Amino acid sequence: MTTTEELPDRGSPPMTEQTPLAVIWAKIREREAWTDEEREQVLDDLFPADQRVIPYAKRFFTLIILSTTIAAFGLIGNSAAVVIGAMLIAPLMTPMLALSASLMYAQMARLIGSVVIIVLGTIGAIATGWLASAIAGGTLTTSLTPELVARTTPSLLDLGIAVAAGLAGGYVLTHKGSGASLPGVAIAVALVPPLATVGVSLEVGNATAASGALLLYVTNLIAIVLSAAVVMLISGFVPDYIRQLAKGKIGLRLLPWGIALLAIAIPLGNHTKSVIDNELLTRQIATAVEEWDPQAVIVTLGADRDGDHAVVDITIATTADREPAWKLAQGITEASGVAVDLNVNYRQEGRDGASTS
Amino acid sequence: MGRRQAELLVLLVVSALLAAACTTTSAGERLVVDVFGPYRGDDARAFAASVAPFEERTGIEIRFVGSGSFARDIQDRVADADYPDVAIFPQPAIIREFARDGILIPLSDVDVDEDAPRVSRTGDATPTVLGRDYGVWYRAAVKSLVWYPPTVFAERGYEIPESWEDLVALTERIESDGLTPWCLTMESFASTGWVGTDWIEDIVLRLHGPDVYDDWVDGIVSFKSDEIMEAFDIFGEVVNERGRVLGGAHRVLNTRWQDAQIPMFEPEPKCLLHRQASFYRTHLPGSAVIGEDTDVFLLPAPDGGEPPIVVSGDIAAAFTDRPEVLAFLQFLGSPEAGTPWAKLGGFTSPHPDFDTSVYADGFDRRMGEIIENAAVIRFDGSDSMDPAVGTGTFWTGMETFVRTADVVRTVTEIQSGYPQPALLPTEGSAP
């Protein structure tokens with residue numbers, strides 16, 4: 001069965017009269033002239049069938065294991081470059097775009113197939129991260145590296161990144177000739193590093209970090225699937241006859257994903273608030289330290305705010321006589337309005353501590 | 001990088017909004033009482049909760065700052081004439097010193113409950129200088145306790161020692177079973193050493209009785225006397241004998257006192273006995289249940305006699321006499337003071353009219369009964385001594401002792417803290 005292809009929309013007003021957002025929107029809506037054969041070609045690439053299933057699965061799981069191993073070692077070694085390398089060979093984006101397409105085309109078998117691949121890939125990646133951490137045993141002591149920590153507290157920013165990356169992924173898929181951009185999409189919305197972080201965190205017994213990293217992964221997953229599906233829908237990749245057949249049901253198919261996205265925005269919003277709170281508190285502490293002892297240099301500073309209370313650990317190097325910790329605790333409370341439990345360590349030797357209420 | 005910049009942008013916007021909100025809000029005048037004390041962490045929060053009823057009733061704001069190095073810091077503040085309104089002292093001796101210097105407000109100026117508990121070395125009267133009382137005893141603690149794991153004791157057939165001799169035998173049995181008997185750590189910021197002084201006080205009181213104890217606290221019996229040196233010898237058999245204390249001297253001196261008992265809760269306990277006060281319950285791991293995972297027995301007396309009790313306490317005294325300050329001191333001396341803290345656990349009231357039904361569990365109530373029923377009770381010796389020794393050379397001397405095991409050197413160092421010539425009695429009770 002063939003259908004009449006719609007021509008690209010040539011009726012747009014000249015770009016000079018549009019806002020940048022309108023330009024982007026118009027670009028996303030820009031329709032390619034797809035033939036059914038071309039669509040099938042793209043879908044075939046997303047959903048290997050028959051004799052191509054086994055080689056696809058082999059390739060998929062080999063890349064999952066390799067990319068997660070690289071990511072886990074890169075995270076444990078705190079190397080951003082290595083982690084980016086892992087992102088480039090990570091294969092998870094394809095089944096997610098496949099899931100988007102199967103949602104739009106209402107192809108149940110392909111939908112189940114892609115969900116199975118994603119679930120197995122997810123479990124495989126977490127297991128590989130766990131194993132890599134066990135092999136690297138002893139490298140991690142008590143604290144996670146900054147590269148790992150960065151993936152354990154997702155915020156609304158991560159949701160924004162994932163939505164944009166999902167739009168980009170959908171755009172690349174549905175606009176011929178833009179395939180070279182796919183690696184960029186993979187870097188922007190990393191899937192394997194959060195899973196590696198889940199595995200590593202579980203192996204070192206840090207369940208809180210593991211759940212944070214898992215939240216980041218789920219955020220990315222939902223945002224990619226939903227926004228890629230939207231792009232497929234509006235860019236003409238989903239042919240009109242399917243849209244007409246589905247009538248209002250396309251929106252219904254996307255509804256659970258939209259609800260999931262909103263639901264996930266709540267914990268992300270809380271994370272974002274705590275990031276902002278801690279950043280603000282950190283600045284107030286720095287100011288309080290300067291007033292407390294102008295010669296003090298902050299060597300390390302950890303501030304963890306929970307409501308109107310915060311635990312502050314600070315290491316100071318100073319050439320002046322040591323000022324008592326209670327004065328700093330008082331200064332921080334006056335500056336921030338937050339009660340603190342303060343621990344002051346001196347780089348040379350010694351400790352002091354104070355609390356306010 | 002982009003992510004960081006975006007976060008900062010959000011932060012700047014929020015900061016600007018907050019700044020705008022502040023400039024448009026006019027703060028109402030509220031009476032404030034500045035309180036300085038030794039509470040940190042959970043204790044600081046429990047104290048804040050315990051004064052909340054006063055704040056709600058009067059509208060007076062209690063602004064509390066707690067120092068981990070309280071004894072040093074309060075003396076520095078007074079030297080700089082930087083007085084808080086009220087300070088809560090674990091050391092009645094420092095109150096006496098400040099009272100002598102005329103910088104504290106006598107209780108006769110405060111309408112304090114006449115039954116408000118007073119503290120002295122005998123644990124029943126307030127620090128007194130020339131007949132005037134200066135502080136109200138707000139919170140009490142029993143020091144002469146040994147924490148132990150009841151389940152492990154039951155499994156291994158260990159029994160709670162009835163006498164000092166039983167305790168020595170139990171220690172040796174634990175050692176011969178391949179375990180370390182004592183959990184002991186002392187690091188406490190500028191106050192490091194007090195855990196060791198508690199040991200010496202308990203041993204002196206058990207070995208030589210309350211008269212020698214009182215004379216020692218008053219500076220009449222020297223640290224260099226045979227009685228006190230004998231107490232150091234006995235403590236040395238715990239802290240300086242290889243294998244008696246977990247981790248040895250380095251760990252004892254460099255581990256937070258609050259962490260002493262953690263190894264007792266490992267699947268294979270690393271140490272089984274921890275001599276520490278009742279207030280340690282606040283520092284037990286959250287999962288530890290008193291009565292199941294851990295419990296206490298009284299540090300026994302020689303020959304199985306009734307154990308004498310060393311108590312400590314937090315005593316509130318005022319530096320300023322504004323009405324709101326005196327009202328707060330009056331509140332701290334009332335029977336209701338500390339009720340919310342008692343409900344949380346970790347507070348024992350020394351007030352005779354305190355409602356004992358509010359205690360969170362039987363533990364704090366038990367501590368109250370121990371204090372009430374003790375045949376011989378004495379306030380913490382180092383807290384009652386001349387501060388130059390009690391919170392000075394006695395504390396630092398305990399570090400020397402743990403490090404060197406040298407009794408003569410230690411007692412000489414501690415005794416040198418007294419103004420020369422030594423052995424002048426410090427002022428005790430009122431004439």
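## Contact between chains A and B

In this predicted model, 18 residues of chain A are in contact with 24 residues of chain B. Four elements of chain B each supply at least two residues of the side that touches chain A: α1 (2-23), α2 (41-58), β2 (61-67) and α3 (70-79). The largest share of that side, 7 residues, comes from α1(B). By residue class, the side of chain B that touches chain A divides into 12 nonpolar, 6 polar and 6 charged residues.

The two chains are also joined by strand pairing. β4(A) and β2(B) pair in the antiparallel sense over 3 bridges, and A:Ala354 stands opposite B:Ser67 in β2(B). β2(B) therefore has two roles here: it is among the elements that supply at least two residues of the side touching chain A, and it pairs with β4(A) under the rule that two strands pair if at least two bridges are found between them. For the complex, the predictor gives an ipTM of 0.82 and a pTM of 0.71.

## Chain A: overall make-up

Chain A holds 14 helices and 4 strands. Of its 357 residues, 41% are buried. Among contacts between residues at least 6 apart in the sequence of chain A, 73% join residues at least 24 apart.

One residue may serve as an illustration. A:Ala80 lies in helix α4 (residues 80-89) of chain A. A:Ala80 counts as partly exposed because it has 13 C-beta neighbours inside 10 Å. A:Ala80 and A:Pro146 are separated by 66 residues in sequence, while their C-alpha atoms are 9.9 Å apart in space.

## Chain A: the strands leading to chain B

Strand β2 (residues 309-317) and strand β3 (residues 339-346) of chain A run parallel and are joined by 8 bridges. Together with helix α14 (residues 325-336) of chain A, β2(A) and β3(A) make a right-handed β-α-β unit. Within the pairing of β2(A) and β3(A), A:Ile314 stands opposite A:Val344.

β3(A) also pairs with strand β4 (residues 351-356) of chain A, in the antiparallel sense and over 5 bridges. In β4(A), A:Asp352 is the bridge partner of A:Val344. A:Val344 thus stands opposite A:Ile314 and is also bridged to A:Asp352. β3(A) and β4(A) form a hairpin with 4 residues between them, and A:Gly350 in the turn has a positive phi of about 100 degrees. The pairings can be followed from β2(A) to β3(A), from β3(A) to β4(A), and from β4(A) across to β2(B). Strands of a sheet pair through backbone hydrogen bonds, either parallel or antiparallel.

## Chain B: make-up and an open sheet

The secondary structure of chain B comes to 15 helices and 12 strands. Buried residues account for 49% of its 431 residues. For contacts in chain B between residues at least 6 apart in sequence, 76% join residues at least 24 apart.

Chain B contains an open sheet of 4 strands in the order β8-β9-β7-β10, with mixed pairing. Its edge strands are β8 (180-182) and β10 (295-298), each of which pairs on one side only. The twist from one strand to the next averages 25 degrees. Within this sheet, β7(B) and β10(B) run antiparallel and are joined by 4 bridges, and B:Leu145 stands opposite B:Leu298 in β10(B).

## Confidence in the model

Chain A averages a pLDDT of 84, and 88% of its residues score at least 70. Confidence in chain A is lowest in helix α1 (residues 20-29), at a mean of 69, and highest in α14(A), at 95. Over residues 1-15 of chain A the pLDDT is below 50, and this stretch has 20 contacts in the model beyond near neighbours in sequence. The helix of the β-α-β unit, α14(A), is accordingly the element of chain A with the highest confidence.

Chain B has a mean pLDDT of 87, with 86% of its residues at 70 or more. Confidence in chain B is lowest in α1(B), at a mean of 38, and highest in strand β7 (residues 145-148), at 98. Residues 1-27 of chain B have a pLDDT below 50, and the model has 11 contacts for this stretch beyond near neighbours in sequence. The pLDDT also stays under 50 over residues 427-431 of chain B, for which the model has 11 contacts beyond four places in sequence.

These values bear on the contact with chain A. α1(B) supplies the largest share of the side of chain B that touches chain A, yet confidence in chain B is lowest in α1(B). Where pLDDT is low, the predicted coordinates should not be read in detail.

Notes. Residues numbered from 1 in each chain as written. Chains lettered and ligands numbered in written order. Predicted model: local features only at pLDDT ≥ 70, side-chain atom pairs only at ≥ 80, totals over all residues. Right-handed = clockwise from strand over helix to strand, strands pointing away. Buried ≥ 20, exposed ≤ 12 C-beta atoms within 10 Å, placed from the backbone. Contact = placed C-beta atoms within 7 Å. Nonpolar A, V, L, I, M, F, W, Y, C, P; charged D, E, K, R; others polar. pLDDT = per-residue confidence, 0-100. Axes fitted to C-alpha atoms, helices over the stretch in contact; angles between N-to-C directions.
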